Amino acid sequence: MPRMYVLIVVSAFNSLSQRVHAELSDAGHQVEVVLAANGDDAVRAAVRGHRPDLIVAPMLKTALPEDVWAEHTCLIVHPGPPGDRGPSALDWAIGTGADRWGVTVLQAGAEMDAGDIWATAPFDVPPVGKSDLYRNELSDAAMAAVLEAVERFASDTYRPLPQRDGDGNGDGNGVGAPVVRVVQRGYFRQERRRIDWARDDTETVLRKLRGADSQPGVRDELLGQELFLHGGHPEDRLRGRPGTVVARRAGAVCLATRDGAVWVPELRPRRTRGGPATFKLPATLVLGDRLADVPEVPAPLELPPHRRTWTDIRYRQSGDVGFLGFRFPGGAMSTAHCRRLLDAYAYALSRPTRVLVLGGGRDFFSNGIHLNVIEAAPDPAAESWANINAMDDLVEAVLRTTDRLVVAALGGNAAAGGAMLALAADAVWCRTGAVLNPHYRLMGLYGSEFWTYTLPRRAGADLAERLMEEAAPVSAASAARMGLVDRLVTSAPQGFAPEVARMAGDLASGGKLRQLIHDKGEAREKDEAERPLTEYRREELARMHRTFFDPESSYHALRTAFVRKAPPQATRQGQGWG
C-alpha cells in the first residue's frame with residue numbers, strides 16, 4: 001500500500017483517535033493531528049500547511065469546513081451501522097438493548113452521516129458501560145474499518161458506496177445504488193435517560209446508567225442534591241426503598257431499585273448558572289457529610305464467583321497463580337485508590353503463589369494519578385504530592401518483589417504513571433487493541449513512578465528519552481517492538497481475562513519458573529548495588545515537588561483545562577489522561 005500523508009482531525013485526541021494515530025503510523029503513513037476544537041481556521045491552516053493525501057476524523061463533534069471536505073477526501077468514523085444518522089449512536093444502541101451494532105467510515109459531505117460508505121465493521125454489544133464499549137469492541141471494529149478504508153483510498157481503484165434510503169425514494173445517487181435503510185436518530189436526551197425508581201427494574205436502571213456512564217451521566221437527585229450519575233453495577237444482596245442510598249463502598253454509593261440495587265461509582269454536580277464546569281468525582285466525595293448515616297459495607301478482596309456486586313479491587317487464586325484485579329473509573333488512581341491497592345498487593349504477597357498477575361480485565365489498566373480528585377482538593381498541590389507518593393509506594397512494592405514473578409496484564413490502555421506501574425512488573429502482557437502513552441510532558445510534568453529506572457531498562461536510554469519528548473501514543477505492536485511489552489495477546493476484549501489465566505497457568509507450571517525467579521532476584525540486587533531505588537525516587541520527586549508547589553507551573557493550568565474540558569490550546573493537550 002502506498003505510504004501517505006494523513007491528517008487526523010478530532011474534537012479531542014481521545015482513545016480511538018490515539019489508536020488511529022498509532023496504527024496508521026505503524027503502517028508507515030506520516031500522521032499529524034489538528035484539534036477541530038481550536039476552530040475552522042485552525043483546521044484550514046493545518047490542511048494548507050500539511051497538504052495531506054487524506055483526512056481522517058475518528059472523533060468529531062462538529063462539521064468540517066465545506067471548503068475542506070469539498071477539496072479533499074475526508075473520512076468520518078461514525079459509531080453506528082450503515083444508514084444510522086445522528087449524534088448519539090452508541091447511546092441508542094445501549095438504550096434500545098441492541099446486542100449487535102456497527103461502525104461506518106463515511107466520506108464527509110453537506111449532510112451529516114449521509115456520505116458515501118468506504119468501509120463498515122460490526123461488533124457485539126456486551127452489558128458494559130458506553131465508554132468501555134467505545135474503547136474496546138467499537139475501537140476494534142473502527143480500527144479495522146479505518147485501515148480498510150485507507151487501503152481502499154490508497155488503491156485509487158475503489159469507489160465508495162453511496163447511501164440510498166430503502167423506501168424507494170433515492171437521494172440522487174442513481175439506479176442500482178445499494179439500498180441502505182436510513183435511520184435518523186436525534187440526540188439522546190435526559191428525558192429518555194430518566195430513571196423511574198418506583199417502576200424501573202434493576203436491569204432497566206443498569207441499561208440507563210451504562211448508556212451515559214462517561215457522558216453525559218443520568219440526571220437525578222440524591223439526598224437533596226441534583227446530580228448526574230455516572231456508571232452502574234449490579235448488587236445482589238442490599239435492598240431498600242427505591243431511589244435511596246443504602247450503602248457506600250470504596251467511594252461508590254449503592255442505590256436501591258424496586259427489585260434490587262445498583263452501585264454508582266461517580267457523581268457530577270449539576271453546573272450552576274454562571275458557575276465553573278463541573279466534573280466527575282467519587283460519589284462519596286461529592287455527597288460528603290450527607291452520607292453520615294449511610295453504612296459503609298466493605299467487600300472482601302476474595303469474592304465468590306456467583307456474587308453480583310461491585311468492588312474496584314479483587315483477588316482470586318488458582319493453583320500457583322494469584323490474580324489481583326483492579327478497575328478504577330477512567331483508569332485514574334487517587335491517593336485512596338493507591339493505598340487500598342497497596343494493601344491488597346501486600347495481601348496477595350502473603351498468599352502461596354509463584355506468579356502474581358496484576359490487572360487482567362478489560363478496559364483501562366491505569367492512567368496514573370487522579371487529576372479530578374486533585375482539582376477538587378482544597379490544596380491541589382498537596383493532593384498532587386500525596387497522590388504521586390502513593391503511586392510511588394505501589395510501584396516500589398512491585399519492583400521490590402523478588403519471591404515470585406509479577407505479570408502486568410493490560411486488557412486496555414495505560415498512560416503516564418499507569419504505564420510505569422505496568423513496566424515495574426517482570427513481564428507485560430498486552431491486548432493488541434491497547435494503546436500506551438508512556439510519558440508525562442503534555443500535562444507539564446517530569447514524572448515519577450521510577451520511570452527513570454524502568455523505561456531505560458526496557459527500551460534503552462535513547463528511546464526512553466524520545467518517548468518522553470515526543471509524547472505520542474504507542475500501539476501495542478510498537479510497544480512490543482520497543483521492548484515495553486513482552487507478549488501480545490490477540491483476543492476480543494471479553495476473551496482477554498481467560499487467555500491471561502491460561503498463559504499464567506502455563507507460566508506457573510513451566511520448568512523455567514524457578515530459574516526466572518532466581519534470576520530476577522539477582523538482577524534486583526545488582527541494580528540496587530549500582531544505584532538504589534531510593535535514589536531514583538528522590539531525584540524524580542524533587543522535580544515533581546518543584547512543579548506541584550509552583551503556582552505558576554504549567555501543570556496547574558493544564559490540569560484545570562483537562563479536568564474542566566476547557567477548549568484545548570495545543571495539539572494533543574492532555575493526551576493519555578482519560
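## A guided tour from strand β6 to the second largest pocket

Begin by selecting Trp101 and Phe123: in this predicted model, Phe123 of β7 is the bridge partner of Trp101. Extend the selection to residues 100–107, which form strand β6, and to β7; the two strands pair in the antiparallel sense over seven bridges.

Next, display the whole sheet to which these strands belong. Six strands make up this open sheet, in the order β2-β1-β3-β4-β6-β7, with mixed pairing. At its edges are β2 (30–35) and β7 (117–124), each of which pairs on one side only. On average, neighbouring strands of the sheet are turned by 20° against each other, direction ignored.

Add residues 15–26, helix α1. This helix lies across β1 (5–10), β2, β3 (54–57) and β4 (74–78), and runs at about 175° to β1. Then add residues 40–50, helix α2, which packs on the sheet and touches β1, β2 and β3. The direction of α2 likewise makes about 175° with that of β1.

Now move to residues 321–326, strand β18. Is this strand buried or exposed? Six of its six residues are buried, that is, under 20% relative accessible area, so β18 is largely enclosed by the rest of the structure. Showing the side chains helps to separate the two faces: Val321, Phe323 and Gly325 point one way, whereas Gly322, Leu324 and Phe326 point the other way, and all are buried.

Select residues 313–318 for strand β17, which pairs with β18 in the antiparallel sense over six bridges. Within this pairing, Arg314 stands opposite Gly325 in β18. The hairpin of β17 and β18 has two residues between the strands, and Gly319 there takes a positive phi near 60°.

Strand β19, residues 355–362, is the next selection: it runs parallel to β18, and four bridges join the two. Val355 in β19 stands opposite Val321. To follow the connection, trace the chain from β18 through helix α9 (residues 335–350) to β19; this β-α-β crossover is right-handed.

Finish at the second largest pocket, which holds about 290 Å³ of space. Which residues should be selected as the closest to its centre? They are Ala424, Ala425, Asp426, Arg457 and Lys520, out of 15 residues that line the pocket. Colouring by helix is informative here, as α11 (380–399), α13 (451–459) and α17 (513–530) each supply at least two residues of the lining. The largest share comes from α17, with four residues.

Key
Residues numbered from 1 in each chain as written. Predicted model: local features only at pLDDT ≥ 70, side-chain atom pairs only at ≥ 80, totals over all residues. Heavy atoms only, no water. Buried < 20%, exposed > 50% of the residue type's maximum accessible area, 1.4 Å probe, protein only. Pairing = 2+ DSSP bridges. Right-handed = clockwise from strand over helix to strand, strands pointing away. Axes fitted to C-alpha atoms, helices over the stretch in contact; angles between N-to-C directions. Contact = heavy atoms within 4.5 Å. 1 Å grid on protein atoms, 1.4 Å probe; cavity = no way out; pocket = protein on both sides within 12 Å on 5 of 7 lines; lining within 4 Å. Points joined across faces, edges and corners; volume = space filled by probe spheres on them.
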